[in-house]
Amino acid sequence: MADSTLLHETQDALGPIRVIDYDDSRILSFGDNDEQSKILKAAPHIPQHTYVQAMLLVLLFCKPKSAIVLGLGGGSIIHSLRNFDAAIKLTAVELRPAVIELAKRYFQLPIGKKLNLINDDAIAFLAAGDHKKVDVIFADIYTAKGVETGQLSPVFLEQCTNLIKPNGYLVLNCWKEHSQNRELLADLQQHFTHVNACLTGGGNWVIFASQSPQLLGTSALKSQAQSLSQQLGFALERSLTRFGPWI
């Protein structure tokens, strides 16, 4: 491992929050041996974690004009979406005020009129239901212990459904073991006609739920993925080969 520098450390009711600097990258950590976010300092729009790369597969099927990101972290998804299309209206919901401040201070978060930062519990935010419907909801709510269980609840999924446009997508970042969770699949199928998933090389299970069928054939998808990869700055094909219906 390259030499590292602890740039910042703070503590809140949920535990430690650290910013760790390396020569070419920067990490947000919520605990020992934990990487919540990682950016390449020279190119923060290129996601360094395979699960973020996988979540961006949704851009093959949907060209969002608006999106909600539940769980800000260091803002990796925000960076990539802003690079993809500067006009997308983004709302990021983050529980921990310190995380928002550190994302601004240390992770080059692209602040602007098109980004609405909300300090709130994502579950409470969804329950309020007072946000306009969006094209995509990215749910990436993690603690140092793993996936926030509320992100997998039937109520959460229903509330997400209520905020997604008819042709929109819910993108859920989970762990590999959730691929065996038949109850979660059944709950998703109650609200969405099509449920696909991608198992990443890093052991994440990324779920894509929508009412819209995936219309492109394999060759057309590969071609589109190559084109989109050039725009995003990384190879989408690696994730695409692991993508398919969750059955």
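**Entry 1: helix 2 and helix 7**

I began where two helices touch: Ser80, Asn83 and Phe84 in helix 2 meet Leu228, Gln231 and Leu232 in helix 7. I sorted the residues of this contact by type and got three nonpolar, three polar and no charged. I note here that the model I am reading is predicted.

Next I looked up the geometry. Two packed helices are described by the angle between their axes and the distance between the axes. Helix 2 covers residues 76-84 and helix 7 covers residues 218-232. Their axes come within 9 Å and cross at roughly 110°. Angles of 65 to 115 degrees count as roughly perpendicular, so I wrote down helix 2 and helix 7 as roughly perpendicular to each other.

How many of the residues of helix 2 are buried? I found eight of its nine, so I call helix 2 mostly covered. The buried ones are Ser76, Ile77, Ile78, His79, Ser80, Leu81, Arg82 and Phe84. Ser80 and Phe84 are thus on my list of buried residues and also on my list of residues that meet helix 7.

**Entry 2: Asp135**

I looked up Asp135 and found it in strand 8, which runs over residues 134-139. Is Asp135 buried or exposed? Its relative accessible area is 14%, and buried means under 20%, so Asp135 is buried.

I then checked what surrounds Asp135. Leaving out residues up to four places away in sequence, Asp135 touches Cys62, Pro64, Lys65, Ser66, Ile164, Lys165, Gly168 and Tyr169. With Lys65 I also noted a distance: a polar atom of the Asp135 side chain lies 2.8 Å from the backbone nitrogen of Lys65.

**Entry 3: salt bridges**

Side chains of opposite charge can pair when their charged atoms come close. I looked up how many salt bridges the structure holds, and there are seven. I wrote up some of them.

Arg96 forms one with Asp12, and the closest N and O atoms are 2.8 Å apart. This pair links distant parts of the chain, 84 residues apart. Arg96 sits in the loop between strand 6 (89-94) and helix 3 (97-106), while Asp12 is in strand 1 (residues 5-12). I checked the accessibility of both partners. Arg96 counts as buried because its relative accessibility is 7%, whereas Asp12, at 23%, counts as partly exposed.

Lys41 pairs with Asp21, with the closest N and O atoms 3.1 Å apart. Lys41 is in the loop between strand 4 (37-40) and helix 1 (50-55) and Asp21 is in strand 2 (residues 15-21), so this salt bridge ties together parts 20 residues apart in sequence. Lys41 is partly exposed at 24% relative accessibility, and Asp21 is buried at 13%.

Lys104 and Glu101 form another salt bridge, 3.7 Å from N to O. Both lie in helix 3, three residues apart, which is about one turn of the helix. An α-helix has 3.6 residues a turn, so residues three or four places apart point the same way. I have Lys104 down as partly exposed, at 39% relative accessibility. Glu101 is partly exposed too, with a relative accessible area of 47%.

I also found Glu9, Arg18 and Asp32 joined into one network by salt bridges that share partners.

**Entry 4: two residues with positive phi**

I looked up Asn33, which has a positive phi of about 55° although it is not a glycine. Where is Asn33 found? I located it in the loop between strand 3 (25-29) and strand 4. Its relative accessibility is 86%, and over 50% is exposed, so Asn33 counts as exposed.

Gln108 is another residue other than glycine with a positive phi, near 55°. I placed Gln108 in the loop between helix 3 and strand 7 (115-119). Gln108 is partly exposed, with a relative accessible area of 41%.

**Entry 5: Lys132**

My last look-up was Lys132, in the loop between helix 4 (122-128) and strand 8. Lys132 is exposed, with a relative accessible area of 70%. I also noted how far Lys132 lies from Asp3: their C-alpha atoms are separated by 45 Å, and the two residues are 129 residues apart along the chain.

Notes. Residues numbered from 1 in each chain as written. Predicted model: local features only at pLDDT ≥ 70, side-chain atom pairs only at ≥ 80, totals over all residues. Heavy atoms only, no water. Helix = DSSP H or I, 4+ residues; strand = E, 2+ residues; numbered from the N terminus. Buried < 20%, exposed > 50% of the residue type's maximum accessible area, 1.4 Å probe, protein only. Polar contact = N/O pair within 3.5 Å; in protein donor to acceptor, adjacent residues only side chain to side chain. Contact = heavy atoms within 4.5 Å. Salt bridge = Lys/Arg side-chain N within 4 Å of Asp/Glu carboxyl O. Axes fitted to C-alpha atoms, helices over the stretch in contact; angles between N-to-C directions. Parallel < 35°, antiparallel > 145°, perpendicular 65-115°, else oblique. Nonpolar A, V, L, I, M, F, W, Y, C, P; charged D, E, K, R; others polar.
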